[in-house]
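Hello,

Here is the structure I promised to hand over. Please open it alongside this message.

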Amino acid sequence: MADIKLSGIRKSYGSSEVLHGIDIDVKDGEFVVFVGPSGCGKSTLLRLIAGLETISDGELQIAGQKVNDLTPSQRKIAMVFQSYALYPHMTVYQNMAFGLTLGKKGPLGGLLGGGENKKMIEEKVHKAAASLKLEPLLKRYPRELSGGQRQRVAIGRAIVRDPNVFLFDEPLSNLDAALRVNTRLEIARLHQELEATIIYVTHDQVEAMTLADKIVVLNDGYVAQCGTPLELYHQPANKFVAGFIGSPSMNFLEATVTDIGPEDIEVVLSSGKVKVRLPVLPGDLALDARVSIGIRPEHLQEGSGEVFRMSSRVKVVEQLGEASYLYLENGEDDPFCNEPFCVKTNGHSSIRTGDSVDICAALSAVHVFNASGIALTRTTTDSRYIAPRRA
Ligand SMILES: Nc1ncnc2c1ncn2[C@@H]1O[C@H](COP(=O)(O)OP(=O)(O)OP(=O)(O)O)[C@@H](O)[C@H]1O
Ligand SMILES: [Mg+2]
């Protein structure tokens, strides 16, 4: 069992605190992905779990045992970095076997016994190599491999150590687009095959959405929200997560509350041109309160259907083949605020730059956030997932 529990984890470098009390539960066998903007603390958190950095405050448990003071090797964790960190003077085989020839027994069973015999090492390396399609490359040196092959060796080196937990820090970011897709599928397959607990850091939305059982969105050293990929997509707890998950990002419009009912509110956009009743739990909203309206590009369509309706002029059209993105004008006479406003249409759309379009969205696809950025449309209001502001 390799449940991981982080309770109130803090990390400071000198007088500067970069992680402000992180609570995360990772279940045995779960694939958890950390995402967040550059500098939000993803790698630091991973390094704290690995034991490569000391924890300033809080408790880290693995399999029910406090491991704050254990060395990396005693934690039975393997880490795969963005830079593969292979030994250049060793062959693929030697690189993969290296971890097996070192190591001491620790309280959690140790990384691997130093006494493992040659045959067992051979078996482990060949099994991992077969699973990663590295067998034909075992005699080569890292300089004779492509980036994708090197990354597979780095993953193989982690696998042979048979860890309870794998930590990956942006393992695919050095690979080209096609290799990323292949290696991503490999990692998904490995997770099923190994039944290991995996914590994975990435910048890539698609990696996060497709690989994760659970995504943790970090922002500025706090957990902004933690949930399944679809929970984060459909029920973002706050404006930060709403804007971060999904590509292109959710559109936001500023509005003012003009009426409050028991189960809905009426708002008018800042431009004064659109007035709509939205089905939200008003909480402690007051009349005249400022709110943000959020609508994803893929939830807008041409036409003047059900509800949230607007018209504008098209500034830019991006044609991707299967879809086109329309970027709508934000002029004085425009119903939109200052933000660019993106609409996803089908790839056959004949709309061109300069055209006027009517667009609409179903009310169920409209998100509303209060002035602090907290979602009013969400059904739960678990305060653990709402990033507190720094004092
Ligand atoms: N050794 C260090 N000394 C001082 N500050 C550090 C140190 N390591 C990281 N930091 C700071 O901690 C914060 C979090 O860094 P971290 O590397 O965890 O970010 P990240 O989320 O992994 O970013 P990226 O997506 O760019 O990799 C940053 O502000 C960084 O400058
Ligand atoms: Mg990082």
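Below are my notes, from the whole chain down to single residues.

**Overall**

Keep in mind that this is a predicted model. The chain has 391 residues, and 50% of them count as buried. Its secondary structure comes to 8 helices and 20 strands. The accessible surface is about 18,200 Å². Carbon and sulfur atoms make up 49% of that surface. Among contacts with a separation of 6 or more, 66% join residues 24 or more positions apart.

**Ligand 1**

Which residues surround the ligand? The shell consists of Tyr13, Val18, Pro37, Ser38, Gly39, Cys40, Gly41, Lys42, Ser43, Thr44, Glu170 and His203. By class, that is 4 nonpolar, 6 polar and 2 charged residues. Helix α1, residues 42–50, gives the most to this shell, with 3 residues.

Three polar approaches to the ligand are listed here:

- Threonine 44: a polar side-chain atom lies 2.5 Å from an oxygen atom of ligand 1.
- Cysteine 40: a backbone N or O atom lies 3.3 Å from an oxygen atom of ligand 1.
- Tyrosine 13: an N or O atom of the side chain lies 3.4 Å from a nitrogen atom of ligand 1.

Taken alone, ligand 1 exposes 640 Å², and the protein buries 58% of that.

**Helix α4 and its surroundings**

Helix α4 covers residues 147–160. Does its length agree or disagree with the expected span? It agrees: at 1.5 Å a residue, the 14 residues should span 20 Å, and the end C-alpha atoms are 20 Å apart.

The helix is mostly covered, with 11 of its 14 residues buried. Those buried residues are Gly148, Gln151, Arg152, Val153, Ala154, Ile155, Gly156, Arg157, Ala158, Ile159 and Val160. Two arginines, Arg152 and Arg157, are in that list. The buried residues pack against three helices, α2 (92–101), α3 (118–131) and α5 (177–194). They also pack against two strands, β6 (77–80) and β7 (165–169).

The packing also shows from the side of α2. Its buried residues are Val92, Asn95, Met96, Ala97, Gly99 and Leu100. They pack against α3 and α4.

Aspartate 162 follows α4, and its phi is positive, near 50°. Asparagine 164 is found in the loop between α4 and β7. Is asparagine 164 buried, partly exposed or exposed? It is partly exposed, because its relative accessible area is 30%, between the 20% and 50% cut-offs. Leaving out residues up to four places away in sequence, asparagine 164 touches Ala2, Lys76, Ala196 and Thr197. The C-alpha atoms of asparagine 164 and leucine 194 are 9.7 Å apart, with their positions 30 residues apart along the chain.

**Serine 349**

Serine 349 sits in the loop between β18 (341–346) and β19 (356–361). This serine counts as buried because its relative accessible area is 11%, and the cut-off is under 20%. Its side chain reaches the backbone nitrogen of isoleucine 351 at 3.2 Å. Serine 324 is 25 residues away from serine 349 along the chain, yet their C-alpha atoms are separated by 7.3 Å.

**Backbone points to check**

Where is the cis peptide bond? It runs from serine 247 to proline 248, with omega near -5°. Proline 248 is in the loop between α8 (239–244) and β11 (251–260).

Two further residues have a positive phi without being glycine:

- Lysine 133 has phi near 55°. It lies in the loop between α3 and α4. At 54% relative accessibility, lysine 133 counts as exposed.
- Aspartate 288 has phi near 75°. It lies in the loop between β13 (275–278) and β14 (290–295). Its relative accessible area is 60%, so aspartate 288 is exposed.

For both residues, the cut-off for exposed is over 50%.

Best wishes

Terms used
Residues are numbered from 1 along each chain as its sequence is written. Chains are lettered from A and ligands numbered from 1 in the order in which they are written. This is a predicted model: local features need pLDDT of at least 70, side-chain atom pairs count only at pLDDT 80 or more; totals for chains, interfaces and linings use all residues. Side-chain values use heavy atoms; hydrogens and water are left out. A residue is near a molecule or strand if one of its heavy atoms lies within 4 Å of it. A polar contact is a pair of N or O atoms within 3.5 Å; within protein, one must be able to donate a hydrogen and the other to accept it, and residues adjacent in sequence count only if both atoms are side-chain atoms. Accessible areas come from the Shrake-Rupley method with a 1.4 Å probe; for residues, only the protein chains shown count as cover. Helices (H or I, at least four residues) and strands (E, at least two) are DSSP runs, numbered from the N terminus. Ala, Val, Leu, Ile, Met, Phe, Trp, Tyr, Cys and Pro count as nonpolar, Asp, Glu, Lys and Arg as charged, and the others, Gly among them, as polar. Buried means under 20% relative accessible area, exposed over 50%, partly exposed in between (1.4 Å probe, protein chains only). The expected span of a helix is 1.5 Å times one less than its number of residues. Contact means heavy atoms within 4.5 Å.
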